[in-house]
Amino acid sequence: TETVRKALAAPHPANAQTGPAIRGDFHLMKEHLSFLENHKSLVRIYQTLSQDIRQKGGNSRKIFFGNHL
């Protein structure tokens, strides 16, 4: 509801991005990666998409994923 209104009001879809990558919720991202740990290709996809989301959201700081990969 509120999230949908904000998304519709955003001038560009990238401005409506939500989720742990855009928020910098690294604890939750590591939790997500732990579910994928037996699927290395999915881990790489998750990492790539998360980094891209952060960059498009204006935060070019590289994400360090620790031992996940």
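In the protein chain, the mean position of the 10 positive charges and that of the 5 negative charges lie 6 Å apart. The structure discussed here is a predicted model.

The protein chain contains four helices and zero strands. Followed along the sequence, these elements give the pattern α-α-α-α. The C-alpha trace spans about 40 × 25 × 20 Å along its principal axes. Among contacts in the protein chain with a separation of 6 or more, 46% join residues that are 24 or more positions apart.

The following table collects percentages computed for the protein chain.

| Property of the protein chain | Value |
|---|---|
| Share of the 69 residues that count as buried | 22% |
| Share of the exposed area supplied by carbon and sulfur atoms | 56% |
| Share of contacts with a separation of 6 or more that link residues 24 or more positions apart | 46% |

The exposed area to which the carbon and sulfur share refers is about 5,200 Å² for the protein chain.

One residue may be considered individually. Gly58 belongs to the segment after helix H4, which covers residues 40-56. Is Gly58 buried or exposed? Gly58 counts as exposed because its relative accessibility is 67%, and the cut-off for an exposed residue is over 50%. How far apart in space are Gly58 and Asn15, C-alpha to C-alpha? The distance between them is 9.7 Å, although 43 residues separate Gly58 from Asn15 in sequence.

Methods. Residues numbered from 1 in each chain as written. Predicted model: local features only at pLDDT ≥ 70, side-chain atom pairs only at ≥ 80, totals over all residues. Heavy atoms only, no water. Helix = DSSP H or I, 4+ residues; strand = E, 2+ residues; numbered from the N terminus. Buried < 20%, exposed > 50% of the residue type's maximum accessible area, 1.4 Å probe, protein only. Contact = heavy atoms within 4.5 Å. Areas by Shrake-Rupley, 256 points an atom, 1.4 Å probe, with all protein chains shown as cover. Lys, Arg positive; Asp, Glu negative; His and termini not counted. Charge placed at Lys NZ, Arg CZ, Asp CG, Glu CD.
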